[in-house]
Amino acid sequence: MYFDDPIYLDPGSFEDLMADTDQHRICWMYHDILSHPRIAWMFDKYAGKGTPIREAWTTMAWVAAGHQEDSFYLLFKWYDDFYGPPQCSDLYFLEREGGPEGDLRVRYLNRDFQNKLDPRGQDWFDSFLGRVSDNATSFFGESSFQADPVGRARRLLENNPGRELECFDWHLGRRSDGEKSLMCATMAAYFRSIQAIREILFRLVDSDGRVGRGSHHMPADELMDILRSLSAKVDEERLPRLEEQFQELADGFYCEPSLSPYLSRSAGRVLTDMTENGELRWMSLSGKSASRLLRDLYSRCSPRQVWDVFHRWQGEVYFTVLRRPLHRDLHRGVYLLSRFEDQTGLDVTGMFWLENVSVGVAHLCQGEFFEELLDLLFSRYPMQGKLPNVRPWGQDLVGEYSHLLKETFAQYSRGFG
């Protein structure tokens, strides 16, 4: 069956999702076709959520492309009064395992940690739904509920064959290429989600038609009603091609990271030798601060390597501060060396150089000695520390991180002679 066990979010993971939403690392979009109470009720019944929804309530659906390929978030906001505030919400993560043709998996993102929050924490939790709306409005405009942003985008595709990328570049305005890529990825997820719901419905109609009206199952006639409603709104034969076209646009706006500067073997020898003889100290960052710092830096330098919030981060982060140049490739600034396991199980190794001239700039470097230096640091027990429990939110996020890292390094270094 398509529905897997729920994923239990902790407050830190949920805060990462809020940060992704606020800082436009993901793009949310109102989903007119899936804003159907029976579709949300279907998820409620089969995804192991266990919280009843009142029959009189209605719903609005929202979709956002996930960081992982062939994945997306689906959010249902439940309303007693459609024009009032939402009473509650359900959040799901859907993915294709092993690529576009792989098996579909639906996971409910359980946020029961909210039951232990104090009133201030509950206000913070409840603010997520408004943040999603603000995010969608920022990307698609105030009139996104009445207008038809997907319809306009489809017409633009149809009217400009062979010129899609340049036309969307103009259509999406003065946004960064990164935001344009996010918008197109979410529009691809819009069509991907319709295909996914149709696939689930067909399977459930077949399954429930055989097993009957058990307490956990929806009657087949109700499922068929949902399917007919869905089919009346969209041409199913065009869905795969539309998803493909918008994903191609997302890939077209996305630029592979510029790996610079190149740190040569001689620069690596300088770092290794100075580390071995104690001239250069490194600090190991631990805890949530390490993963948050790395998420922020990768989102700026290589967005496709950012992991989805519920992925259990496992890795190492080391950093050092160069107060003077050490080599023609090693300028002043903060250097971070990291290795972590991504959500596909592969190791990702990277070195960042944070320079802070008039504004902070993060560079994802390239070089061939990173693994050797990491193994050396792992065996030498460097200083261990944590960043202050403060998350930079300003415009100059890299500059703020650079300052925090320098302050932390200086604070812990005083205890090491």
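1. Let me start with a cysteine worth a look in this predicted model: Cys301 is buried, because its relative accessible area is 14% and the cut-off for that label is under 20%.

2. On to the sulfurs. A search of the whole structure turns up zero disulfides. For Cys255, which is in no disulfide, the nearest cysteine sulfur belongs to Cys184 and is 13 Å away. Cys301 is likewise in no disulfide; the nearest cysteine sulfur there is that of Cys365, at 8.9 Å. The cut-off for a disulfide is a sulfur pair within 2.5 Å.

3. Now the sheet, which you may like to bring up on screen. It is open and built of six strands, in the order S12-S11-S10-S9-S8-S14, with mixed pairing. Strand S12 (360-364) and strand S14 (383-385) are at the edges; each has a single partner strand, so one side of each has no neighbour in the sheet. From one strand to the next, the twist averages 25°.

4. Within that sheet, have a look at the pairing of strand S10 (residues 333-341) with strand S11 (residues 347-356): the two are antiparallel and joined over eight bridges. Leu337 is found opposite Met351 in S11.

5. Which strands does helix H10 touch? Helix H10 (residues 288-301) packs on the sheet and touches strand S8 (283-285), strand S9 (315-322), S10, S11 and S12. The direction of H10 makes about 80° with that of S11.

6. Finally, helix H11 (residues 370-380) lies across S9, S10 and S11. Relative to S10, helix H11 runs at about 90°.

Key. Residues are numbered from 1 along each chain as its sequence is written. This is a predicted model: local features need pLDDT of at least 70, side-chain atom pairs count only at pLDDT 80 or more; totals for chains, interfaces and linings use all residues. Side-chain values use heavy atoms; hydrogens and water are left out. Two strands pair if DSSP finds at least two bridges between them. Helices (H or I, at least four residues) and strands (E, at least two) are DSSP runs, numbered from the N terminus. Axes are lines fitted to C-alpha atoms, for helices over the stretch in contact, and angles run from 0 to 180 degrees between N-to-C directions. Contact means heavy atoms within 4.5 Å. Buried means under 20% relative accessible area, exposed over 50%, partly exposed in between (1.4 Å probe, protein chains only).
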